[in-house]
Amino acid sequence: MERRDKRNYYLDLAETVSKRGTCLRRRYGAVIVKNDEVIATGYAGAPRGRANCTDLGYCIRQQLNIPRGERYELCRSVHAEANAIISASRDQMLDGSLYLTGVEADGSYVANSCCCSMCKRLVINAGLKEVVIRDTADDYRVIPVREWIENDDSVSGKKGY
């Protein structure tokens, strides 16, 4: 039996966390790791005490045909990255890694997944050094957060991801 590599191990954890998500479009899970220790987890879902899309039976962004990566202010959910970040103190996260897995409603992985512009800002201010994003069951991308600082897509007006 072959042992799972560390990055995929943490991405597997993020995928398990995503199963708690309440978004009807796609489920995301995030795990923050520092010094080989899990610091926090988060999944996409409505703020505590508010009705989730799964409870309501609809997604307003889906009803309005809003493309992926746009108009997140209309979304009922707090994103997985944000929920993980608010669950840890900044000193715990400094120079840590955020592992992110997105799963479509049909069970496939979200193609070309990335943090939205709002979550990118949170990741930057949390002091995380990298984001590891799952592309397939075994493949992933490692994005140095420094790239998001140096290549500020909010200046170019780029929408979505």
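Okay, let me start with one residue: aspartate 153 is buried, with a relative accessible area of 19%. The cut-off for buried is under 20%, so aspartate 153 falls inside that class at 19%. Keep in mind, by the way, that this is a predicted model.

So what does aspartate 153 form a salt bridge with? The partner is lysine 120, and the closest N and O atoms are 2.8 Å apart. That pair ties together distant parts of the chain, since lysine 120 belongs to helix α6 and aspartate 153 to helix α8, residues 153–156, with the two positions 33 residues apart in the numbering. Lysine 120 counts as buried too, at 11% relative accessibility.

Let me zoom out for a second. The protein chain has eight helices and five strands, and reading from the N terminus the order is α-β-β-α-α-α-α-β-α-β-β-α-α. Its radius of gyration is 15 Å, close to the 15 Å from the globule rule for 161 residues, so the chain is as compact as a globular protein of that length. If you like boxes, the C-alpha atoms fill one of roughly 45 × 40 × 30 Å along the principal axes. And 43% of the 161 residues count as buried.

Now, strand β4, residues 130–134. Is β4 largely enclosed or largely open? Five of its five residues are buried, so β4 is largely enclosed by the rest of the structure. In a regular strand, side chains alternate between the two faces of the sheet. Here Glu130, Val132 and Arg134 point one way, Val131 and Ile133 point the other way, and all of them are buried.

Who are the neighbours? On one hand there's strand β3, residues 97–104, which runs parallel to β4 and is joined to it by four bridges. Tyrosine 99 is the residue opposite valine 132 there. Getting from β3 to β4, the chain passes through helix α6, residues 117–126, and that β-α-β crossover is right-handed. That's the helix with our lysine 120 in it.

Then there's strand β5, residues 140–144, which runs antiparallel to β4, with five bridges joining the two. Valine 131 sits opposite isoleucine 143, and the hairpin from β4 to β5 goes through five residues.

Back to charges. How many salt bridges does the structure hold? It holds 11. One of them is arginine 71 with glutamate 73, where the closest N and O atoms are 2.6 Å apart. Arginine 71 is partly exposed at 44% relative accessibility, while glutamate 73 is exposed at 54%.

Another is glutamate 150 with arginine 146, and there the closest N and O atoms are 4.0 Å apart. Both lie in helix α7, residues 145–150, four residues apart, which is about one turn of the helix. Glutamate 150 is exposed, with 54% relative accessible area. There's also a network: salt bridges that share partners join Arg4, Asp12, Glu15, Arg134 and Asp138. Arg134, remember, is one of the buried residues of β4.

Last stop, the surface. Leu56, Tyr58, Ile60 and Leu64 form a nonpolar patch, with about 330 Å² of accessible area together. Leucine 64 is in the loop between α3 and α4. Proline 67 lies in that loop as well, and it counts as partly exposed at 42% relative accessibility.

Note on methods
Residues are numbered from 1 along each chain as its sequence is written. This is a predicted model: local features need pLDDT of at least 70, side-chain atom pairs count only at pLDDT 80 or more; totals for chains, interfaces and linings use all residues. Side-chain values use heavy atoms; hydrogens and water are left out. Buried means under 20% relative accessible area, exposed over 50%, partly exposed in between (1.4 Å probe, protein chains only). Two strands pair if DSSP finds at least two bridges between them. A crossover is right-handed if, with the strands pointing away from the viewer, the path from the first strand over the helix to the second runs clockwise. Patches are made of residues with over 30% relative accessible area and no salt bridge: like charges are joined within 9 Å, nonpolar side chains (Val, Leu, Ile, Met, Phe, Trp, Tyr) within 5 Å. Accessible areas come from the Shrake-Rupley method with a 1.4 Å probe; for residues, only the protein chains shown count as cover. A salt bridge is a side-chain nitrogen of Lys or Arg within 4 Å of a carboxyl oxygen of Asp or Glu. The radius of gyration is taken over C-alpha atoms; the globule rule is 2.2 Å times the number of residues to the power 0.38.
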